[in-house]
Amino acid sequence: MGSIGVNKNTVNSNNQVPALSQELIKRANEAGTVVDYGDSTRRMYDANVKEIQSMDLTDNEKASAIQELHRLTESQLQAEGQARSPYSMGVGPARFNAKQMSKNSTNAVNARQTVENHMNTLRNTQKAKQKENENRARLTAMQNAIKNGDLKFTVNGETWIRKSKRGKTFTKA
């Protein structure tokens, strides 16, 4: 198990990124036979935190998104720690309860999906903001072209033209 250094990243100068519970990471690692689920989840958490920090959000929105991510990720680690493989240390055929193990595995998968849904919601919000900003920039450029009597303008690498100075409609060239 490697050391965890990324958990000291900051959202801004005032807020610290909350660290994941080392005990939950350890339990999740012990539950898997082939994969260290805890380390994998920690790496995903660190990547998601970096992605949130790079998003176009206010400091409060970033802090709130990271707090929610932390809460969901700890729930995921807890579920992964309970989803022990029948081949894990201390389980074995005598203690194998197929129904319970199936339920725990399903809970772990659902918890991982909840984290992914949270990140997808943030990503979709970012796409909507970016599209809105692009539309606003195009509208401003179009209004300036009409005001100045220009027949064409370029915004975001796209050229828009109109047929006459009296026309109010631009088409993409």
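1. Gln76, a buried residue. In this predicted model, Gln76 counts as buried because its relative accessibility is 4%, below the 20% cut-off. Gln76 sits in helix H3, which spans residues 59–82. Setting aside neighbours within four places in sequence, the contacts of Gln76 are Thr41, Ala111, Arg112 and Val115. Take Thr41: the C-alpha atoms of Gln76 and Thr41 are 8.1 Å apart, while 35 residues separate the two in sequence.

2. Glu80, also in H3. Helix H3 holds Glu80 too. Is Glu80 buried or exposed? Glu80 counts as buried, because its relative accessibility is 4%. Beyond residues up to four places away in sequence, Glu80 touches Ala28, Ala31, Tyr37, Thr41, Ala108 and Arg112. Thr41 and Arg112 are on this list. Thr41 and Arg112 are also among the contacts of Gln76.

3. Overall make-up. The protein has 4 helices and 3 strands. Read from the N terminus, the order is α-α-α-α-β-β-β. The chain has 173 residues, and 35% of them are buried. Consider contacts between residues at least 6 apart in sequence: 54% of these join residues at least 24 apart.

4. H2 against H3. How do these two helices run relative to each other? Their axes come within 10 Å and cross at roughly 170 degrees. H2 and H3 are therefore roughly antiparallel, as angles over 145 degrees count that way. On the H2 side, the meeting residues are Tyr37, Gly38, Thr41, Tyr45, Asn48, Val49, Ile52 and Gln53. On the H3 side they are Lys62, Ala65, Ile66, Leu69, His70, Thr73, Gln76, Leu77 and Glu80. Both buried residues from the opening points, Gln76 and Glu80, take part here.

5. H2 against H4. H2 also packs with H4, at an angle of about 15 degrees and with the axes 11 Å apart. The two helices are therefore roughly parallel, since the angle is under 35 degrees. Their crossing is left-handed. H2 makes the contact through Ser40, Thr41, Met44, Asn48, Glu51 and Ile52. H4 brings Arg112, Val115, Met119, Leu122 and Arg123. Thr41, Asn48 and Ile52 are part of this contact. Thr41, Asn48 and Ile52 also meet H3.

6. The largest nonpolar core. This core has 18 residues. Which of them touch the most other members? They are Tyr45, Val49, Ile52, Ile66, Leu69, Leu77 and Leu122. Helices H1 (22–31), H2 (37–54), H3 and H4 (98–148) each give two or more residues to the core. H3 gives the most, with 5 residues. Val49 is worth a look: not counting residues up to four places away in sequence, Val49 touches Val17, Ile66 and Leu69.

7. A second core. Separate from the first is a core of 6 residues, including Ala141, Ala145, Phe153 and Trp160. Phe153 and Trp160 lead on to the aromatic pairs.

8. Aromatic pairs. How many are there in the whole structure? The search finds 2. One joins Phe153 and Trp160: the ring centres are 6.5 Å apart and the planes meet at 10 degrees, so the pair is stacked. Both residues are buried. The other joins Phe153 and Phe170 edge-to-face, at 5.0 Å centre to centre and 75 degrees between the planes. This pair links distant parts of the chain, 17 residues apart. Phe153 lies in strand S1 (residues 152–155), and Phe170 in the loop between strand S2 (158–161) and strand S3 (171–172). Phe153 and Phe170 are both buried. Through these ring pairs, Phe153, Trp160 and Phe170 form a cluster.

9. Thr159, in strand S2. Strand S2 contains Thr159. Thr159 counts as partly exposed because its relative accessibility is 27%, between the 20% and 50% cut-offs. Apart from neighbours within four places in sequence, Thr159 is in contact with Lys152, Phe153, Thr154, Thr171, Lys172 and Ala173. Phe153 of the aromatic cluster is thus one of the contacts of Thr159. From Thr159 to Phe170 the C-alpha distance is 9.5 Å, with their positions 11 residues apart in sequence.

Definitions and conventions
Residues numbered from 1 in each chain as written. Predicted model: local features only at pLDDT ≥ 70, side-chain atom pairs only at ≥ 80, totals over all residues. Heavy atoms only, no water. Buried < 20%, exposed > 50% of the residue type's maximum accessible area, 1.4 Å probe, protein only. Contact = heavy atoms within 4.5 Å. Core = buried A, V, L, I, M, F, W, Y, C linked by side-chain atoms within 4.5 Å. Phe/Tyr/Trp six-rings, centres within 6.5 Å; stacked < 30°, edge-to-face > 60°. Axes fitted to C-alpha atoms, helices over the stretch in contact; angles between N-to-C directions. Parallel < 35°, antiparallel > 145°, perpendicular 65-115°, else oblique. Left-handed = near helix turned anticlockwise from the far one by under 90°.
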